[in-house]
2 protein chains.
Amino acid sequence: MSARPDAWSFKQVIVVRRDLRMGTGKVAAQVAHAAVAAVERVARGHRDWLAGWWADGQPKVVLQVPGAPELDEVGARAGRAGLPVTVVYDRGLTQVPAGTATCLAIGPAPADAIDAVTGDLRLL
Amino acid sequence: MSARPDAWSFKQVIVVRRDLRMGTGKVAAQVAHAAVAAVERVARGHRDWLAGWWADGQPKVVLQVPGAPELDEVGARAGRAGLPVTVVYDRGLTQVPAGTATCLAIGPAPADAIDAVTGDLRLL
């Protein structure tokens, strides 16, 4: 299933590596880390985006990439587009080695700017 | 695998219903909704807990319950213990009917108080 167009003005996208073969609970915790840290970050730089995102119902979309190179690439692309990128590095207590980049959040930010970067990625 | 004792002073626990058979990405988005909304809530009532939780590295633990009655029960127990509980009700755009309670967050709050409520639940 591809990421579908939607009616939100603002959204947050979290992109997860598939190659780490993390369990469902592990993925959920990593995505939650990314989401919370990204909100704190955007709160310091773009309160207007955050307010718009809350008004939209804080939409979140979880997407996938095959591995680390693709995660790096989407993060770099988002950064070049001026979007706030928050990468989660695992502490390595379970399932993956310490310092592994497991996922990254883009936004909360304008949805069309995010779509321009992540529109070709598949839903997790 | 049972939820293990740990060294954190503060943590956030997110409890997820298993019976809804949500996909990994759906679970991750629901858990992230709970985590973010709960942080906003605790920021208004217990800034000291939030600060302690950030200092601990914002630990999150994702647990499971079989279904809605057990989710209600753990939420009620946490509420009676004076812990902040944030329930996520899905908007029903995908996978589950609108208004379905999919998961709930407890905390960020003192870890021992949370353990007294959720210590018997299994990791997701």
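1. Let's start with a term: two strands pair if DSSP finds at least two bridges between them. Strands pair through backbone hydrogen bonds, either parallel or antiparallel. Helices (H or I, at least four residues) and strands (E, at least two) are DSSP runs, numbered from the N terminus.

2. A word on what you're looking at. This is a predicted model, where local features need pLDDT of at least 70 and side-chain atom pairs count only at pLDDT 80 or more, while totals for chains, interfaces and linings use all residues. Residues are numbered from 1 along each chain as its sequence is written, chains are lettered from A and ligands numbered from 1 in the order in which they are written, and side-chain values use heavy atoms, leaving out hydrogens and water.

3. Now the sheet in chain B: it is open, with 5 strands in the order 3-4-1-2-5 and mixed pairing. Strand 3 (85–89) and strand 5 (122–123) of chain B sit at the edges with a single partner strand each, so one side of each has no neighbour in the sheet. Strand 1 (residues 10–17) and strand 4 (residues 101–110) of chain B pair in the antiparallel sense over 6 bridges. Try finding Val15(B): its bridge partner in strand 4 of chain B is Leu104(B).

4. Which helices pack on that sheet? Helix 1 (residues 24–45) of chain B does, touching strand 1, strand 2 (60–65), strand 3 and strand 4 of chain B, and its direction makes about 40° with that of strand 4 of chain B. Helix 4 (residues 111–118) of chain B packs there too, touching strand 1, strand 2 and strand 4 of chain B, at about 145° to the direction of strand 4 of chain B. Contact here means heavy atoms within 4.5 Å. Axes are lines fitted to C-alpha atoms, for helices over the stretch in contact, and angles run from 0 to 180 degrees between N-to-C directions.

5. Salt bridges next (a side-chain nitrogen of Lys or Arg within 4 Å of a carboxyl oxygen of Asp or Glu): there are 10 over all chains. One of them joins Lys26(B) and Asp90(B), with the closest N and O atoms 3.1 Å apart. Lys26(B) lies in helix 1 of chain B and Asp90(B) in the loop between strand 3 and strand 4 of chain B, so the pair ties together parts 64 residues apart in sequence. Both Lys26(B) and Asp90(B) are buried (under 20% relative accessible area; exposed is over 50%, partly exposed in between, with a 1.4 Å probe and protein chains only).

6. Another salt bridge links Asp120(B) and Arg77(B), at 3.9 Å between the closest N and O atoms. Asp120(B) is in the loop between helix 4 and strand 5 of chain B, and Arg77(B) is in helix 3 (residues 68–80) of chain B, 43 residues apart. Asp120(B) is exposed, at 56%, and Arg77(B) is partly exposed, at 23%.

7. Don't go hunting for disulfides (pairs of cysteine sulfur atoms within 2.5 Å), as the structure holds 0 over all chains. Cys103(A) has its nearest cysteine sulfur, that of Cys103(B), 17 Å away. That is too far for a bond. Cys103(A) is buried at 1% relative accessibility, and Cys103(B) is buried at 0%.
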